[in-house]
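Let's work through a few exercises on the pockets, the ligand and the backbone of one protein. Keep the structure open beside you and try each task before reading its solution.

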Amino acid sequence: MNQREIFLRHVAQTSPAPLALEITKASGVTLYAADGKTYTDLIGGISVANMGHGHPAVLAAIRAQSEAYLHIMVYGEFVESPQVRYAQQLASLLPASLNSVYFTNSGAEAVEGAMKLAKRVTRRTGIIAFNNSYHGSTQGALSIIGDEYWRNAYRPLLPDVSHLEYNSFASLDSITDRTACVFAETVQAEAGVKPPSVEWMKALREKCTTTGTLLVLDEIQTGFGRTGTLWGFEQYGIVPDILLLGKALGGGLPLGAFIADRALMGMLAENPVLGHITTFGGHPLSCAAGSAALQAMLEEKVVEQVETKGRLLDSLLSHPLILGRSRAGLWLSLRFDTFETNKWIIDRCIAKGILTDWFLFASDSLRISPPLIITEAQLREVAATLLSVLDEYQREFLPGK
Ligand SMILES: Cc1ncc(COP(=O)(O)O)c(C=O)c1O
């Protein structure tokens, strides 16, 4: 059996058609496959590799920490300097009320922790989330994702959860003094990069404040520069009560976090104590890697270039097959007529050495979320290849047009 066959037999499968590329090395924006092919990575591990693959500062931090210690104790008992350093670094880059960082293993675990914290703080049970939002795949996170197709097979789900229309002022009437928290993405990622209006975000913040509801912003995809500012919420002039981070947070290693004010977070330490327990949350290697990636992002002034790069790519990608588009920073969604068209284009892109895919709740739309360190020359190359694929589609299926 070759590697691919062993993968299909012994690595649990959740997709009838996994990409099944065998990658042997990843560096910068390039993935190197076992068969000698190379790919420009326009996915970045789904907005994880914002600083590219194998950044030297991240690798050095991992090396140094691995020689000091790996796991030594469950979360929260020992003073582990990678956690301490990273929590302080994050707090220094966030508004004053986001000063206490609970590190988890994953984004979904951060969602779970935030739900529990909101229930403890407000002593309420109602949870509100939005249609077409993605928050993770554990039983609690699944309960709040905004798509019935993905939820339905796993009922019963959490009780007292309601889903509202995103970016709709009428929806806000459903937030009441029974609501513990509202979960919202700062830009809806899997809906196909859908930013709400500034006015709506401000109204959402206001409604949460007046009803005593905690506003939880999921920045697991939007964080770390993706949308053109370090944190997505900066563009709306609001501050959440709880901030969720993940993906790029670990610099390529697994890490999530929910972040709130110390006064709220303290509720997890009493009645019962150990209000959220995790063995590996805040793993020293992950914190060391994430902190190094963030430091490099700041030193290399990566975020400052995101908007210019995103605008450039957007301007290069003009084609009659593209029926709609949406962008936030260096994050694009291109809509075609059907999933089948999109899939044909994605497959041809992969054959031509560009790795991309579609969005969970927008399968007719192509995802472009490259490492933020991609250069303008690389963006021009990618755009030329993508346009050549669209021309090819047109010649093959719409010859008269
Ligand atoms: C916006 C958002 N929230 C939460 C999650 C869940 O994170 P994880 O897969 O690390 O559990 C994801 C993952 O794709 C996400 O995109």
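**Exercise 1. Sort the residues that line the second largest pocket by class, then find where the pocket sits.**

Before we start, keep in mind that this is a predicted model.

Step 1: the classes. The lining of the second largest pocket splits into 14 nonpolar, eight polar and three charged residues.

Step 2: the size. This second largest pocket has a volume of about 610 Å³.

Step 3: the centre. There are 25 lining residues, and those closest to the centre are Y75, G76, V101, Y102 and M265.

Step 4: the elements. Two or more residues each come from α4 (81-92), β4 (100-104) and α9 (262-265). β4 gives the most to this lining, with four residues.

**Exercise 2. Describe the largest pocket in the same way.**

Step 1: the size. Look for a space of about 1,600 Å³, which is the volume of the largest pocket.

Step 2: the centre. Its lining has 48 residues, and I46, D357, W358, L360 and R367 are the closest to the centre.

Step 3: the elements. α2 (44-47), α5 (107-122), α12 (339-351), β14 (357-359) and β15 (362-368) are the elements that give two or more residues to this lining. Which of them gives the most? That's α12, with five residues.

Step 4: the classes. Count up the lining of the largest pocket and you get 27 nonpolar, twelve polar and nine charged residues.

**Exercise 3. Find the ligand and work out what surrounds it.**

Step 1: the place. Go back to the largest pocket, as that is the space the ligand takes.

Step 2: the neighbours. With a cut-off of 4 Å between heavy atoms, the residues around the ligand are S106, G107, A108, Y134, H135, G136, E185, D218, I220, Q221 and K247. By class, this shell has three nonpolar, five polar and three charged residues.

Step 3: the polar contacts. Start with the oxygen atoms of the ligand. A backbone N or O atom of A108 lies 2.8 Å from a ligand oxygen, and a polar side-chain atom of Q221 also lies 2.8 Å from an oxygen of the ligand. Now try a nitrogen atom of the ligand: a polar backbone atom of Y134 is 3.4 Å away from one.

Step 4: the cover. On its own, the ligand has 390 Å² of accessible area, and the protein covers 82% of that.

**Exercise 4. Look for enclosed space inside the protein.**

Step 1: the idea. If you roll a probe the size of a water molecule over the atoms, you see where empty space is left.

Step 2: the count. How many cavities of 30 Å³ or more does a search of the whole structure find? It finds one.

Step 3: the size and lining. The largest cavity holds about 40 Å³ of space. Its lining is made of H71, M73, V74, Y75, E80, Q83, T279, F280, G281, G282, H283 and P284. Sorted by class, that's five nonpolar, six polar and one charged.

**Exercise 5. Hunt for unusual backbone geometry.**

Step 1: what to expect. Most peptide bonds are trans, and most residues other than glycine have a negative phi.

Step 2: the cis bonds. R155 and P156 are joined by a cis peptide bond, with omega at about 5°. You'll find P156 in the loop between α7 (148-151) and β6 (161-164). Another cis peptide bond joins N271 and P272, with omega at about 0°. P272 is in the loop between α9 and α10 (284-299).

Step 3: the phi angle. Is phi of S47 positive or negative? It is positive, near 60°, and S47 is a residue other than glycine. To spot S47, look in helix α2.

Technical notes:
Residues numbered from 1 in each chain as written. Predicted model: local features only at pLDDT ≥ 70, side-chain atom pairs only at ≥ 80, totals over all residues. Heavy atoms only, no water. Polar contact = N/O pair within 3.5 Å; in protein donor to acceptor, adjacent residues only side chain to side chain. Areas by Shrake-Rupley, 256 points an atom, 1.4 Å probe, with all protein chains shown as cover. 1 Å grid on protein atoms, 1.4 Å probe; cavity = no way out; pocket = protein on both sides within 12 Å on 5 of 7 lines; lining within 4 Å. Sits in = over half its atoms within 2 Å of the grid points. Nonpolar A, V, L, I, M, F, W, Y, C, P; charged D, E, K, R; others polar. Points joined across faces, edges and corners; volume = space filled by probe spheres on them.
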